Amino acid sequence: MSTLRLEIVTPERKVYEKDVNMVVVKGVAGELGILPNHIPLVTPLKIAPVKAKIDGKDEYMAVHGGFMEVRKDKVVILAEAAEQGQDIDVIRARQAKERAERRLADRSTEIDHKRAELALQRALSRITAAGGE
Amino acid sequence: MAKGMREIKRSIKSKQNMKQITKAMEMVSAAKLKRAQNAALASRPYADKLREVVFSIAGGSGSVKHPMLQTREVKRTAYLVITSDRGLAGGLNTNLLRKLLITIREKHSSQDQYSVFVIGRKGRDFLRRRNIPIAQEVTGMTDSPTFADVKPIAAAAVQGFENGTYDELVLVYNEFRNAITQIPTLQKLLPLDASELGGAGGAKADYEYEPSAEEVLQVLLPKYAETLVFSALLDNKASEHGARMTAMGNATKNASKMIQQLTLTYNRARQAAITQEIAEIVGGANAQQ
């Protein structure tokens, strides 16, 4: 089975670098599945888990925004923050989720609302990536 | 003990203590410098990749327009100043801030024409003392700053440019050359230089953009600018530790020199005291004969 190289890079370090069979991401225009020999592509990403398929097994990473660059045999995801599924503190993510939900429930100011929504998305993405739900 | 000797001895002791401290600080800074350099190195792939993609979009199609690429008439300039929180780093912060002050005096006639974003306690205190308006400040940065630490202030500055509050954004920081040389730098961050973008050349991949090149650019350009701020911060951190290491190295050297000199004076005084004592004894013995 042919593979492509997946790299996830943040400003601080390289979070992930592996040969995978398929990458599934959520772009701003919709969900995308990238197989080897994909046409070169650049797209911003939503805050969502990224799925990598390696020999029939799935690996999840929580990627907070950023964008993806696809080349023939390489996919580079640049994000301000990203974590691998196994590194995620699920309990903390759950707490963050609850906190965000509480904040969303009492809608006082506009800016708070937006921030809470982003926080909720991040928390959900983390929980999913960690295989929590 | 003759008079003066006790003082000299005390002075030697105090210099020795000082030397111990500066020596320790030098070694700590050396270790931190290494770490800061590694951090700067680790941030490079992200910045390089981002630049590559931004350049290939902005330079490739040519038709892409974005406010961050367009030069407007400069009515108001924002300065993003990066300094350290702590001193004892030689002339690092002073040189940088002096350069900033000279530029401000030359280019602007009133305080309405500029605004300053500042990172680091040294810079903040300096500007406050001189009544220069500070738009936003961040202090208490750790020795290994994360992107999240600078994101708010960088985003605020970039947004100020985007919505037209400022027509120019200048980054002020110490560029790291090596442990001995740091160069105070004023770098125009925004608008991004379109000619530089176009002239990037090299191997450009022909990308598809989803949803469109403009929209991708819209997301990427602010990120790119923020990343540049982050790299500048890491650079400044490395400069800080480098400068401190050198300054402390010099201090240790000076302390050694002073100790040597004082020891010499002390020994001379000691010898003089002994000589005098002998002369007195001999004088006394002679008188008795």
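This passage describes strand pairing in chain A, a helix pair in chain B and the contact between the two chains, as seen in a predicted model.

In chain A, strand β9 spans residues 74-78. Of the 5 residues in β9(A), 4 are buried, and the strand is thus described as mostly covered. Strand β1 of chain A, formed by residues 4-9, runs parallel to β9(A) and is joined to it by 5 bridges. Within this pairing, A:Arg5 has A:Lys74 of β9(A) as its bridge partner. Strand β8 of chain A, residues 67-71, is also joined to β9(A) by 5 bridges, but here the two strands run antiparallel. One of the residue pairs is A:Val70 with A:Val75, the latter lying in β9(A). The connection from β8(A) to β9(A) is a hairpin of 2 residues. Strand β9(A) therefore has a parallel partner in β1(A) and an antiparallel partner in β8(A).In chain B, helix α1 covers residues 5-42 and helix α7 covers residues 213-288. The axes of these two helices come within 7 Å and cross at roughly 160°. Angles over 145 degrees count as roughly antiparallel, so α1(B) and α7(B) are roughly antiparallel to each other. The crossing of the two helices is left-handed. Sorted by class, the residues in the contact of α1(B) with α7(B) are 21 nonpolar, 12 polar and 10 charged.

The two chains also touch each other. In this contact, 21 residues of chain A meet 21 residues of chain B. On the side of chain A that touches chain B, strands β5 (41-44), β8 and β9 each supply at least two residues. The largest share of this side comes from β5(A), with 4 residues. By class, the side of chain A that touches chain B is made up of 12 nonpolar, 3 polar and 6 charged residues.

Strand pairing also extends across the two chains. Strand β6 of chain B, residues 208-209, pairs with β5(A) in the parallel sense, over 2 bridges. In this pairing, A:Leu41 stands opposite B:Glu208 of β6(B). Strand β5(A) is thus paired with a strand of chain B and supplies the largest share of the side of chain A that touches chain B. Strands β8(A) and β9(A), joined by the hairpin, are also among the elements that supply at least two residues each to that side.

Note on methods
Residues numbered from 1 in each chain as written. Chains lettered and ligands numbered in written order. Predicted model: local features only at pLDDT ≥ 70, side-chain atom pairs only at ≥ 80, totals over all residues. Buried ≥ 20, exposed ≤ 12 C-beta atoms within 10 Å, placed from the backbone. Pairing = 2+ DSSP bridges. Axes fitted to C-alpha atoms, helices over the stretch in contact; angles between N-to-C directions. Parallel < 35°, antiparallel > 145°, perpendicular 65-115°, else oblique. Left-handed = near helix turned anticlockwise from the far one by under 90°. Nonpolar A, V, L, I, M, F, W, Y, C, P; charged D, E, K, R; others polar. Contact = placed C-beta atoms within 7 Å.
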